[in-house]
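Trainee: Please walk me through this model, one feature at a time. I will ask short questions.

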Amino acid sequence: MQTDNRFLPPGLTASLSGPIGTLPESPISDVAMSVFGDPDVVPLWFGEGDLVTPDFVRDAAAKGLQAGETFYTWQRGIPELRASLSAYTERLYGIKCPLDRISVTTGGMQAILLACQMLLDPGDNVVIVSPIWPNITSATKLVRGMPKYVALDRTSLGGWKLDLQRVFDAVDERTRAIFVNSPGNPTGWVMSSDEQRALLEFARKRGIWIMADEVYARLIYTKRPDGRQVAPSFLEHAGPDDPLFVLNSFSKPWAMTGWRLGWLTHPAQLGDQIAKLVQINTSGAPAFLQRGAVAAIEKGDDFVHQMVERCRAGGEQVFQRLSGLPKVTIARPEAAFYAFFSVEGVSDTMAFCKKLAKDYKVGLAPGEAFGPGGTGNIRLCFASGAERLSKGLDRIEAAIKAL
């Protein structure tokens with residue numbers, strides 16, 4: 001029930017903020033909760049694998065905890081972590097990125113929300129390239145902004161491509177930002193350097209921001225000519241004062257999903273404003289956890305390489321199994337750790353995923369969760385070991401053959 005643009009929860013006499021009533025339940029969680037607690041379900045729905053955080057990261061955090069680092073700390077991150085991230089960015093991309101351009105956040109999700117809080121007034125909009133992880137939609141709505149979507153196009157081989165002109169055309173007088181996730185969740189699509197350069201030039205001319213979600217930058221399966229294995233980044237084309245937020249996270253490359261640590265790369269002039277927002281939202285990430293993040297950055301390259309090869313093998317395993325089924329349209333993954341595929345005859349993927357979970361004991365994510373362009377597709381996270389994937393694929397294949 002809505003009253004005066006506010007939300008009145010059933011049975012209560014006092015109302016809540018209007019956007020709270022419009023935020024949908026996550027379709028992924030809806031599927032998961034339908035079989036919650038069933039130990040026989042093979043869980044391939046959420047964006048994480050089955051590896052625990054490596055011991056050298058956990059040990060560094062434990063050492064910080066034992067040393068008593070349990071007090072309030074720097075709102076934008078401990079200096080050691082920001083310095084490590086500065087050096088890490090320079091190492092990955094061959095660019096200068098001083099630490100005053102870096103702020104530590106409580107996960108990639110908070111990085112997105114902070115950017116929305118900084119940029120959007122009520123009625124402003126964000127142009128979002130989709131299919132997309134749904135939290136940018138929720139964050140935009142929460143600050144009373146409006147999401148506008150430009151869907152990727154499906155190629156004849158089952159992959160994905162972006163029509164940049166459609167992005168340009170979607171921008172209007174209330175557009176404050178363009179949101180791009182590359183490598184993409186759920187598609188694995190990778191934006192090219194030329195596309196990034198063109199979009200950044202457009203943003204400069206229009207005086208709007210780019211919000212670039214580069215959480216999966218390290219999880220790419222091809223190398224550059226110079227041997228670096230990292231996706232193209234907007235940072236490689238941007239000056240220090242360009243209208244660009246790059247959002248990142250420790251969750252995926254270092255198996256740290258539960259740590260809730262991320263970072264923003266931004267113009268240095270915004271540091272004080274970001275510190276204010278961090279103070280209001282969380283007062284900063286725990287210092288002892290940030291010690292683990294320093295270890296991940298400084299000692300974690302071997303683990304990242306192992307993670308990439310593990311996901312490469314998982315992606316190939318999934319592709320070989322599913323591409324052999326006549327009803328399935330799927331592309332070999334370029335990056336990230338998801339297969340996003342369609343099944344002939346399956347239009348209601350929510351119902352299909354619930355049936356998979358209940359009757360076949362395997363958990364996948366329905367395409368409806370990911371906005372325009374996602375409908376009719378299904379997401380499978382292949383960041384798990386071969387045995388778990390094989391068990392899940394056996395069950396998926398049986399369900400598809402039974403259609």
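Mentor: First, a definition. Buried means under 20% relative accessible area, exposed means over 50%, and partly exposed lies in between (1.4 Å probe, protein chains only). This is a predicted model: local features need pLDDT of at least 70, side-chain atom pairs count only at pLDDT 80 or more, and totals for chains, interfaces and linings use all residues. Residues are numbered from 1 along each chain as its sequence is written, and side-chain values use heavy atoms, with hydrogens and water left out.

Trainee: Which residues of strand 14 are buried on each side?

Mentor: Strands (E, at least two residues) and helices (H or I, at least four) are DSSP runs, numbered from the N terminus. Strand 14 is mostly covered, with 6 of its 6 residues buried. In a regular strand, side chains alternate between the two faces of the sheet. Here one side has Tyr338, Phe340 and Ser342, and the other has Ala339, Phe341 and Val343.

Trainee: How many bridges join strand 14 to strand 17?

Mentor: Two strands pair if DSSP finds at least two bridges between them. Strand 14 (residues 338-343) and strand 17 (residues 377-381) run antiparallel. Ala339, for one, has Leu380 as its bridge partner in strand 17. The number of bridges joining strand 14 to strand 17 is 5.

Trainee: Which strands stand at the edges of the sheet?

Mentor: The sheet is open, has 4 strands and pairs them antiparallel, in the order 13-14-17-16. An edge strand has a single partner, so one side of it is left without a neighbour in the sheet. The edge strands are strand 13 (328-329) and strand 16 (365-366).

Trainee: Which residue of strand 14 stands opposite Thr329?

Mentor: Look at the pairing of strand 13 with strand 14. These two strands are antiparallel, over 2 bridges. Opposite Thr329, strand 14 places Ser342.

Trainee: Now the helices. Within what arc do the buried residues of helix 3 fall?

Mentor: Helix 3 (residues 55-66) has 12 residues, and its 16 Å reach from first C-alpha to last is close to the 16 Å expected (1.5 Å times one less than the number of residues). Its buried residues are Val57, Ala60, Ala61 and Gly64. They line one face of helix 3, because the directions from the helix axis to their C-beta atoms fall within an arc of 95°.

Trainee: Which exposed residues sit on the face of helix 3 turned away from its buried side?

Mentor: Find the buried face, then look at the face turned away from it. The exposed residues there are Asp59, Lys63 and Gln66.

Trainee: Which residues are exposed on the other side of helix 13?

Mentor: Helix 13 (residues 386-401) has 16 residues and reaches 22 Å, close to the 22 Å expected. Buried in helix 13 are Leu389, Gly392, Leu393, Ile396, Glu397, Ala399 and Ile400. These cover an arc of only 160° around the axis, which puts them on the same side of helix 13. Exposed on the other side are Glu387 and Lys401.

Trainee: Which element gives the largest share of the lining of the largest pocket?

Mentor: On a 1 Å grid over the protein atoms alone, a pocket is an open set of points with protein on both sides within 12 Å along at least five of seven lines, whereas a cavity is a set where a 1.4 Å probe fits but cannot get out; lining residues have an atom within 4 Å of a point. The largest pocket holds about 920 Å³ of space. Of its 41 lining residues, the closest to the centre are Ile28, Trp133, Pro134, Asn135 and Asn185. The largest share of the lining, 6 residues, comes from helix 6.

Trainee: Which element gives the most to the lining of the largest cavity?

Mentor: There are 2 cavities of 30 Å³ or more, and the largest has about 120 Å³ of space. Of its 17 lining residues, Tyr88, Leu92, Tyr93, Asn248 and Trp263 are the closest to its centre. Helix 4 (79-93), strand 11 and strand 12 (262-265) each give two or more residues. The most, 4 residues, come from helix 4.

Trainee: What is the volume of the second largest cavity?

Mentor: Its lining includes Val129, Asn185 and Trp189. A volume is the space filled by probe spheres set on the grid points, which are joined across faces, edges and corners. For the second largest cavity, that volume is about 40 Å³.
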